[in-house]
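Please open the model in a viewer and keep the sequence panel visible beside it. The tour below proceeds by selections, each followed by a description of what is found there.

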Amino acid sequence: MAEQETTDFALGRLAAEQQFALWHDLVRPLFRVSLEDAEAAGSFQANVQAAPIADALLTTCTARAQTFERDHGDVRSSGWDHVVIQHYVAGGFEGACGDRTVAVTAGDVNVLDLNRTLRTRATDFSNLTLILPRDRLAIAGTHDLHGRALRGGDAIAAVIGSHLRSLSAHAGALTPREAGSALDALCLLLAGSDLREADPLVRAAASASAHERICAHIDRHLDDPDLTPAGIAAACRVSRATLYRLFGFEGGVMAYIAGRRLDRAFTALCRPEAERTSIAEVAYRSGFTSEAHFSRSFRSRFAMAPREARRRAREGLAPARVVAGLGPNDWIGTMRRLRETF
């Protein structure tokens, strides 16, 4: 059986802005990433290696501080029904995973569910990230693991961290059968850990249901420039206070609306027939009343101008929305091709 190849994306040879642009596209199927300001973009650094391990994907990453987000729109559009297991070798993050407040530090092993939302802020960090199909990890079907962590001082976290580091070191030499056995061993370790004590979050489930209903209403009315919190609250029969709370970790309901409008515009620009539509028209159809504001917002969200997104789509290189639905192996292949454009 053929061994599985590790890919080193070698971002270090690029200028800081190019490093972030490629990093943004690499991470986009899982998370939307952003930096605090232009100064952070000018000094950004990242390195990443990725290796398929059976039907999973293991990455080794080192990167500068940044924000990670995944909202309900990302969950719906990505097509990734996976669980993420991370081991932080250095640095960490804090923020919210669903309704759970989290703080992860060096040595910890944490779990993220790609069917749930998150908003976290990471320091400079190094970690190993295993993207695992949900059905491989049995306890993911019976317990709420999103945001749960095993602390670095616990023996089981040290054992799991060691297992992930060993997988990373030997991934390229494992046959598919050996890789599958290695993943099975990891899942047994996780099933025997304190993660199994995760308590059910009934309130979180209720909040998620209300959030989903509101998101559906917003999506149906994205082209209405007068879409407002008061109108949304009245239409969805929730108080404005509840509305603001539900969208607190997404920067507020208006920030969520702007993001969804930008996602719609991105999709429109990447369609084959998009060349016949001006960027101004795409902006107005997506609910923006100013082309200049649309262009600034688009660049902030996607790290490129609308014209650049259109050009990449024409050349078959459109990153975020095209890559988002791919499986792990396809993702690596697409990213290899994208890397060659820099």
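**Aromatic pairs**

Begin with the aromatic side chains of this predicted model: ten aromatic pairs are present in the structure. Select Phe266 and Phe298, whose rings are stacked, with a centre-to-centre distance of 6.0 Å and an angle of 10° between the planes. This pair connects distant parts of the chain, since Phe266 belongs to helix 9 (residues 253-270) and Phe298 to helix 11 (residues 291-302), 32 residues apart. Both Phe266 and Phe298 are buried.

Next, select Phe31, Phe68, Tyr88, Phe93 and Phe125, which together form one aromatic cluster. Tyr88 will be met again in a sheet, where Asn127 of strand 11 stands opposite.

**The whole chain**

Zoom out and colour by secondary structure: 14 helices and twelve strands appear. Of the 342 residues, 51% count as buried. The chain exposes about 15200 Å², of which carbon and sulfur atoms supply 51%. Among contacts with a separation of 6 or more, 75% join residues 24 or more positions apart.

**The five-stranded sheet**

Select strands 2, 5, 7, 8 and 10. They make up an open sheet in the order 2-5-10-7-8, with antiparallel pairing. Strand 2 (32-34) and strand 8 (100-104) each have a single partner strand, so one side of each is left without a neighbour in the sheet. On average, neighbouring strands here are turned by 15° against each other, direction ignored.

Within this sheet, focus on strand 7 (residues 93-97) and strand 10 (residues 118-122), an antiparallel pair joined over five bridges. At Cys97, the residue standing opposite in strand 10 is Leu118. Now add helix 1 (residues 16-27), which packs on the sheet and touches strand 2 and strand 5 (66-70). The direction of helix 1 makes about 155° with that of strand 2.

**The seven-stranded sheet**

Move to the other open sheet described here, in which seven strands follow the order 1-3-4-11-6-9-12 with antiparallel pairing. Its edges are strand 1 (7-8) and strand 12 (149-150); each has a single partner strand, so one side of each is left without a neighbour in the sheet.

Select strand 6 (residues 82-90) and strand 11 (residues 125-133) to inspect an antiparallel pair joined by eight bridges. Tyr88 can serve as a landmark, with Asn127 in strand 11 opposite. Then display helix 5 (residues 176-191), which lies across strand 3, strand 4, strand 6 and strand 11 and runs at about 100° to strand 11.

**Individual residues**

Centre the view on Leu167 in helix 4 (residues 155-170). Leu167 counts as buried because its relative accessibility is 5%, under the 20% cut-off. Apart from neighbours within four places in sequence, Leu167 is in contact with Ile53, Leu58, Leu174 and Ala182. Leu167 and Ala182 are 15 residues apart in sequence, and their C-alpha atoms are 7.6 Å apart in space.

Proceed to Ala54, in the loop between strand 3 (46-53) and strand 4 (56-63). Although not a glycine, Ala54 has a positive phi of about 55°. With a relative accessibility of 22%, Ala54 counts as partly exposed.

Arg237 also merits a backbone check: its phi is near 55°, a positive value in a residue other than glycine. Arg237 is placed in the loop between helix 7 (229-236) and helix 8 (240-246), and at 80% relative accessibility it counts as exposed.

Finally, select Thr277, in the loop between helix 9 and helix 10 (279-285). Is Thr277 buried or exposed? Its relative accessible area is 15%, so Thr277 is buried. Not counting residues up to four places away in sequence, Thr277 touches Val282, Arg285 and Arg310.

**Confidence**

To close, colour the chain by pLDDT, which averages 82, with 85% of the residues scoring at least 70. Select residues 198-205, where the pLDDT is below 50; this stretch has eleven contacts in the model beyond near neighbours in sequence. Residues 318-326 also fall below 50, and that stretch has 29 such contacts in the model. Where pLDDT is low, the predicted coordinates should not be read in detail.

Methods. Residues numbered from 1 in each chain as written. Heavy atoms only, no water. Helix = DSSP H or I, 4+ residues; strand = E, 2+ residues; numbered from the N terminus. Buried < 20%, exposed > 50% of the residue type's maximum accessible area, 1.4 Å probe, protein only. Contact = heavy atoms within 4.5 Å. Areas by Shrake-Rupley, 256 points an atom, 1.4 Å probe, with all protein chains shown as cover. Pairing = 2+ DSSP bridges. Axes fitted to C-alpha atoms, helices over the stretch in contact; angles between N-to-C directions. pLDDT = per-residue confidence, 0-100. Phe/Tyr/Trp six-rings, centres within 6.5 Å; stacked < 30°, edge-to-face > 60°.
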